[in-house]
Every structure is written in C-alpha cells, then in structure tokens.
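Student: I am new to this structure and would be grateful for a close look at a single part of it. Please take the nonpolar cores as the subject, and then place them among the domains.

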Amino acid sequence: MKLNYYICLLMASVLSIFSACSPDEYDLGDKGLTTDDLVEGIAYTITHDSENPNIIYLESKLGAGYTPLWEHPQGRSQEKKVTLKIPFEGTYTVTFGVETRGGVVYGEPATFEVSSFCAEFVDNELWSFLTGGVDSEKVWIFDNGSYGYAAGELTYADPSSTTEWNNWTANWDPGKGHTGDDGIWASTMTFDLKGGANVRVHSESVSGTEDSEGTFMLNTDSHTITFTDCDLLHTPSWSDRSTNWRRDLKILELDENHLRVAVMRDNSEGAWWLIWNFVSKEFADNYVPEEQPEPEPTLPDGWKDAVSQTVSTTIQWNMSADVPFDWANLDGSLMNNFTAGNYPDWATPVAELDKLSMTLDSKAMTYKFALPDGTVKSGAYTLDDKGVYTFEDGVPSYHIGGGDIMFFANSDNQLRILSLETIAGNVTGMWLGVRNGDKEEYVAYHFIPNAAGGSSTPEPEAVAVDNGKLVFGHLETDKNNFRIELYNEYGSTKDNSPVDLSALTFDYSMELTFSISGLSGDALTKEYNAGLMYTASGWWPSYSGVADVKIKGDGTYTVTYKPEAAVNGAIVFVIDIFDIVSDIADLDAVKVTIDSLKVL
C-alpha cells in the first residue's frame with residue numbers, strides 16, 4: 001500500500017509540472033531569467049485579430065510575479081495584454097522584457113507583418129493636423145514667438161505639476177533664441193502619410209546641417225509620438241540634455257497650426273520638462289498678425305495725486321545718480337533693468353547727474369529744469385490723464401551717458417510717466433520717457449523726489465521677519481552645509497515663511513543681518529564662507545553666492561545683495577554656511593535669528 005501511495009504522489013507531481021507549463025501561463029518559478037527564456041510563442045505571443053489583421057495583440061504568458069515590459073511600434077507598455085492598431089502595411093518590431101526581483105531582462109526583438117492599409121486608424125483629426133492627411137505631407141518649423149502661440153522655440157514646465165495633453169502650465173517661457181543657436185530657424189520637420197507614417201528632419205545649426213529620415217507612430221489615445229531612425233527636431237547643442245528624443249514623447253498641444261512636444265531633461269541639471277514649440281510652415285508663411293492697439297504704460301490708481309504732492313505741492317525731482325536711465329518698452333516696462341554700477345561700457349552714466357533736477361509746482365502748474373552745467377529752463381506745464389507732461393517753454397537737453405545718450409523731450413516738449421516706484425504707498429521714484437525715434441521703445445529717465453530739499457536717495461525699507469518661523473540647520477543632508485532658510489518653494493517654508501514675499505520688492509539692494517550662536521567644536525574657531533542664494537519670482541534675477549560673508553565663531557554678520565534686475569518676490573531665499581556641519585560638535589545647540597532685513 002505504501003508503494004502505491006508513493007507512485008500516486010509521483011504521478012501527481014509530474015502532472016503538476018506539465019500543467020504549469022501549459023501555453024496559458026509560462027511559469028519559470030524562481031528561475032533567474034535570461035534573454036533565451038523570453039521567446040515569442042512561449043513567454044509571450046503576437047497575434048492578429050481574426051476580423052481586422054491591422055489589430056495586433058501582444059500577450060505575456062508569464063506568471064503574475066513578472067511585470068511585462070513591452071517596446072512596440074506605438075511606444076512602451078507594462079500591461080499583461082496590449083492591443084496595437086497599426087494603420088500601415090510593413091514589418092514591425094516588438095521587444096519583450098520583464099521586471100524581476102533580480103532586475104530587468106529583455107528578449108531578442110521579434111517582428112510581425114501588416115499587409116494592408118487601414119484608413120479607419122488614421123481618421124482621428126490629430127493625424128490630419130500633423131501630416132495634412134492620407135497621401136499628404138506637412139512641414140513644421142520652430143516657433144519664433146511671432147505667431148501668437150509660444151514665446152519662442154522652447155518652454156519649460158515643472159515635472160512636479162501636471163504636464164499632459166491640453167493640461168499643463170509653463171513655468172518659464174524665455175522667448176526666441178533661448179537655445180542659443182541662430183541657425184535653427186531654417187530647420188524643418190516633415191510628416192507624411194504616403195504609403196506609411198514617415199518623417200524627415202532637416203536640422204540646421206551654426207555648426208552645420210544634418211538630414212535624417214524615419215517613421216513615426218502617433219498614439220491618439222495617450223497623445224504620444226514615437227520616432228524610429230530619427231529624433232524629434234531640436235537644437236543640436238541641446239542633445240545631451242536628454243537621453244530620449246524618440247520614444248513616447250508627450251504631445252501637449254496640436255492643431256492645424258501649432259505643435260508642442262515635451263521631452264524630459266534627464267542630465268545633471270535635473271529633471272525638467274523641455275517643451276519644443278513648432279508651427280506649420282504654411283501657417284507661418286501666410287501669417288498676418290491681428291492689428292493690436294499700441295501698448296501704453298499702466299499707472300496705479302491715484303497716481304496723479306502721488307506725483308503732485310509729497311510733503312508740499314512743490315516737488316524737486318533729481319535724476320538718480322545710481323540708476324539714471326534705461327530703455328523701456330511701450331508698456332513702460334524697463335528693457336535692461338540696469339542697477340547701480342552695472343551699466344555696460346557703452347552706456348556709462350556721466351558724473352553729477354543727481355544735479356539734474358526738475359521742480360514742479362502742482363498748484364501754480366509751473367516747472368523749472370536745472371542742469372549740472374548751470375542751464376535753467378522754466379515755464380508752465382500741463383499733465384494729462386495718460387501721464388504726459390507738456391512743458392510749454394521747452395525742455396533743455398543734456399548728455400547723460402555713453403557717447404550720445406541724451407536727456408531730452410520730444411518735438412512737442414513732452415515727457416511721459418512710464419512707471420512709479422513706491423514703498424508703503426509713498427512714491428520713491430518716477431520713470432519718465434520719450435519715444436526713441438521710430439523705434440517701439442522709450443528712452444527712460446529715472447527721477448527721485450526731494451520734496452523738502454532733503455536727500456534725493458530714498459531710505460531702505462525694513463521688512464519684518466518672524467524668527468519663530470525661521471528654519472535653519474543641516475537641511476540638505478547630502479551636503480556639509482548649514483542652511484538658514486527664509487523661503488524655499490521646495491522646502492518647509494513654502495507654506496510657513498517667516499517673511500512676507502510681497503514685501504520683497506526691490507531693484508537696488510537688499511541687506512540682511514543675522515546672528516548665530518551655539519557653535520561648538522572646530523566650528524567655534526575656524527573661518528567659513530557663507531553665500532546667499534536668491535531666486536526671484538519668474539526665475540530671474542537669480543543669484544548664488546559662494547563668499548558673501550566670512551563666518552568665524554558666534555556673532556552677527558551682514559550679507560548685501562545688489563540684483564542684476566528688479567526683484568519681485570522669491571522662489572528661493574536662503575543663506576548657506578559652507579562645509580561647517582561636520583565641525584559642529586552639537587548641532588542642536590546652534591541658534592540663528594534675523595536681526596534686520598532691508599530692501600531698496
């Protein structure tokens with residue numbers, strides 16, 4: 001009886017082994033998979049639909065312990081069963097892999113044939129938008145910012161935000177030429193549906209020309225595009241910013257006239273979406289921009305009272321000695337955002353410009369211009385509702401910078417208010433402008449009010465800091481730095497900042513004084529560099545200092561920042577003391593307070 005029992009047990013085991021290897025499920029158990037195991041017909045199958053052979057089914061035959069990894073003509077998938085809808089005849093390749101506890105293993109590529117064209121699969125409007133339709137072709141070029149879609153050839157998007165078809169937000173649209181190659185504007189990318197889904201890329205750059213061609217597959221469900229044998233058109237010098245210019249690229253927008261494709265940056269700069277912007281060449285060649293009203297400066301409510309009376313109705317406005325002039329767009333926004341000491345050589349201001357003054361009596365409606373060379377001009381003036389001063393007896397001209405930069409009014413003796421600078425509701429500066437010939441710009445002059453004969457330089461404005469919300473310590477654990485964090489959009493202060501971001505508005509300087517105590521070990525006696533990192537809203541201006549102040553022991557230290565351009569708000573506002581953490585014996589004992597924060 002025992003013998004019969006063991007025979008029956010052996011037969012059951014054999015039957016179990018054979019049933020586990022049936023075609024329905026190929027179970028490799030705990031075996032370490034190799035390429036040889038992932039064979040079509042055993043590990044997976046490729047079958048055509050019985051009624052429509054242009055529908056192909058890819059199905060994994062492995063057990064639930066393996067995650068399928070498909071690479072197929074329409075992109076990548078991880079489902080156990082994948083359905084492909086292939087419109088064009090041809091030979092196509094599938095690569096099957098699996099993700100196991102030991103890593104990813106791929107088999108050798110397998111091919112399948114499609115012998116007929118299926119028009120039903122290209123009747124989606126996206127195919128027509130991209131190619132012009134069956135038996136047609138369509139040429140695409142880089143968007144140069146002139147067509148009402150993107151600002152230029154490239155846009156950025158934050159990968160932590162949703163970036164999908166018709167559902168995404170740019171975090172920076174830097175404008176034409178951002179990728180730094182003037183040769184790209186003659187490049188083209190041509191899609192056609194002539195016997196297949198074909199693409200030709202003609203890439204031009206300052207370093208030369210390159211032509212490539214291949215095929216593409218458009219997935220209208222996932223809104224992705226995959227290229228074979230060529231890359232998405234992009235600026236050649238940017239190739240090293242991503243390792244994927246071909247597979248499953250996200251189409252974010254596509255219509256008859258424009259196309260935007262997202263590529264993930266994955267180099268050492270960090271993950272970020274690079275959005276490449278295109279318009280159809282036919283659209284660009286025939287584009288006629290809609291007539292737009294000429295932009296004008298927008299002045300704040302109550303501006304007329306603000307410029308007419310500060311302490312008294314008579315205000316002396318002195319040209320700023322630090323930032324006396326710039327150029328401005330028609331909407332009044334400054335074009336260069338010059339700061340003190342940062343003018344280019346060709347625009348260096350002359351000396352004593354703070355002695356160039358304009359005195360206005362808003363009660364008598366009279367004016368007087370006084371120049372550094374002693375010239376005086378006076379008379380009556382008017383100020384209209386658009387901010388245009390008209391000086392009835394003329395405005396004297398004066399050389400203020402470079403070889404031929406002049407202070408002057410137009411032929412009607414007019415200067416226009418372009419913008420006002422205010423702190424706590426008080427006017428601290430005014431930009432006046434005169435149209436620069438036929439150009440769509442103003443020459444802009446910067447005046448500071450001096451109502452009671454006092455200083456023409458405004459005092460810095462104090463910004464309140466709640467030290468109870470200040471965050472400091474070894475915040476970046478992969479670095480040896482001690483960080484003092486006032487605001488970081490990617491840190492804990494994003495929702496609980498010790499400073500009001502709306503108060504961080506300045507164009508001349510910021511001064512921050514802080515005290516540190518409780519240092520111990522070598523950190524009490526050694527000297528360390530500390531640097532301010534400040535990135536304004538809109539990612540510009542941006543500053544990352546490496547030696548703004550020397551830290552040596554407990555004490556009070558000051559950091560001063562003079563931005564390259566006007567600052568409005570912050571994305572990152574921190575101070576790093578470099579290479580100090582490992583020298584601090586008791587990190588928890590270190591305390592930091594912000595003693596003062598001033599902006600000008």
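Tutor: The account below turns from the domains to the cores, and ends with one strand. This is a predicted model, in which local features need pLDDT of at least 70 and side-chain atom pairs count only at pLDDT 80 or more, while totals for chains, interfaces and linings use all residues. Residues are numbered from 1 along each chain as its sequence is written, and side-chain values use heavy atoms, with hydrogens and water left out.

The domain assignment, which is automatic or taken from a database, gives domain 1 (35–118), domain 2 (122–286), domain 3 (303–450) and domain 4 (461–599). The C-alpha centres of domain 1 and domain 3 are 71 Å apart.

A nonpolar core is a set of buried Ala, Val, Leu, Ile, Met, Phe, Trp, Tyr and Cys residues joined through side-chain atoms within 4.5 Å; buried means under 20% relative accessible area, with a 1.4 Å probe and protein chains only. The largest such core has 58 residues, and Met-189, Phe-216, Trp-276 and Phe-278 have the most contacts inside it. Domain 1 and domain 2 each supply at least three residues to this core. Beyond its neighbours within four places in sequence, Phe-216 has contacts (heavy atoms within 4.5 Å) with residues including Trp-127, Leu-130, Phe-191, Val-199 and Phe-227. A second, separate core of 45 residues includes Ile-315, Phe-407, Leu-420 and Tyr-445.

Finally, strand β40 (residues 591–599) runs antiparallel to strand β29 (residues 461–462), joined by two bridges; strands are DSSP runs (E, at least two residues) numbered from the N terminus, and two of them pair if DSSP finds at least two bridges between them. Within β40, Lys-598 is the bridge partner of Ala-462, and Glu-511 also stands opposite Lys-598.

Definitions and conventions: Helix = DSSP H or I, 4+ residues; strand = E, 2+ residues; numbered from the N terminus. Buried < 20%, exposed > 50% of the residue type's maximum accessible area, 1.4 Å probe, protein only.
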